[in-house]
Amino acid sequence: MSTIGLIGAGHIGSQLARVAVQHGYRVVISNSRGPETLSELVAEIGHGATAGTPEDAARAGDIVVVTIPLKNIDSVPVEPLAGKIVIDTNNYYPQRDGQIAELDDESTTTAELLQQHLPQSKVVKAFNHIGAPDLTTAGTPKGTAHRRALAIFGDDEEARATVADVIDEFGFDVVDGGPLAEGWRIQRDTPGYVKPDDADGLRAHLAAAKRYREMRVDA
């Protein structure tokens, strides 16, 4: 049995904790307000779930999910995540995160920012284009016709493959989008964002995605 650490216990984090425990994982859930604020969530999820600090989640997790507002990624502990696979679920919302110049000019992506903060970790972009409730309700067995698909991006091929296996366990097909730099193809406002695509539909939507600057020109 493996452990998934969760740094962030909001909509996505709490649903990932639920689905992970349903599939036999242990989870250590954390937030910025302290483990005691997670007692009800942990009790609801039941056996296999514990609460801790972000450092606890980072140290305990074989895989660690960072699912906090982008503006707070500098708070993610660095040393305990060295050498580990770190899943980034984030999207950039300037009204929440403030203006981030490198994202405004599209010279980088959200996951690349996290990778810069965690230079010794293996960051994989995943779970950023599905509504939180769907994580526990939309999964289906492998081989199901038109099974919903999720995209992943990462610079480490082995890390991508590991995350792909987890997503498959959770009930979704996987479309490997390649390196982190390509993660913009499924950011907010792109054709595939929060669409219930199967693998073929998701590939088509990734291929059709345009940069924000191109969208502005087209408009």
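The lining of the largest pocket in this predicted model is made up of 14 nonpolar, 15 polar and 1 charged residues. The pocket itself has a volume of about 570 Å³. Of its 30 lining residues, Thr67, Ile68, Pro69, Thr89 and Arg96 sit closest to the centre, so these are good places to start looking on your screen. Among the elements, α1 contributes the most to this lining, with 3 residues.

Now for the enclosed spaces. Searching the whole structure turns up 2 cavities of 30 Å³ or more. Here they are beside the pocket:

| Space | Volume | Nonpolar | Polar | Charged |
|---|---|---|---|---|
| Largest pocket | about 570 Å³ | 14 residues | 15 residues | 1 residue |
| Largest cavity | about 220 Å³ | 6 residues | 8 residues | 4 residues |
| Second largest cavity | about 60 Å³ | 9 residues | no residues | no residues |

Around the largest cavity there are 18 lining residues. Those nearest the centre of this cavity are Leu103, Thr109, Thr110, Trp184 and Gln187. Its lining brings together nonpolar, polar and charged residues, with 4 in the charged class.

What classes of residue line the second largest cavity? The answer is 9 nonpolar residues, with no polar and no charged ones. They are Ile4, Leu16, Ala20, Ile63, Val65, Ile87, Phe127, Val166 and Phe170. Two elements, α1 (11-22) and β4 (63-66), each give two or more residues to this lining.

One of those lining residues, Val166, leads us to helix α8, where Val166 is buried. This helix covers residues 157-169, 13 residues in total. From first C-alpha to last, α8 reaches 19 Å, close to the 18 Å expected at 1.5 Å a residue.

Which residues of α8 are buried? Alongside Val166, they are Ala159, Arg160, Val163, Ala164 and Ile167. These buried residues lie on the same side of α8 because they cover an arc of only 160 degrees around the axis. The spacing fits a familiar rule: an α-helix has 3.6 residues a turn, so residues three or four places apart point the same way. The other side of α8 carries Glu157, Glu158 and Asp165, which are exposed.

And what do the buried residues of α8 pack against? Their partners are strands β4, β5 (85-88), β6 (122-125), β7 (149-154) and β8 (173-176). Strand β4 thus appears twice in this tour: in the packing against α8 and in the lining of the second largest cavity.

Key
Residues are numbered from 1 along each chain as its sequence is written. This is a predicted model: local features need pLDDT of at least 70, side-chain atom pairs count only at pLDDT 80 or more; totals for chains, interfaces and linings use all residues. Side-chain values use heavy atoms; hydrogens and water are left out. On a 1 Å grid over the protein atoms alone, a cavity is a set of points where a 1.4 Å probe fits but cannot get out, and a pocket is an open set with protein on both sides within 12 Å along at least five of seven lines; lining residues have an atom within 4 Å of a point. Grid points are joined across faces, edges and corners, and a volume is the space filled by probe spheres set on the points. Ala, Val, Leu, Ile, Met, Phe, Trp, Tyr, Cys and Pro count as nonpolar, Asp, Glu, Lys and Arg as charged, and the others, Gly among them, as polar. Helices (H or I, at least four residues) and strands (E, at least two) are DSSP runs, numbered from the N terminus. The expected span of a helix is 1.5 Å times one less than its number of residues. Buried means under 20% relative accessible area, exposed over 50%, partly exposed in between (1.4 Å probe, protein chains only). The arc is that of the directions from the helix axis to the C-beta atoms. Contact means heavy atoms within 4.5 Å.
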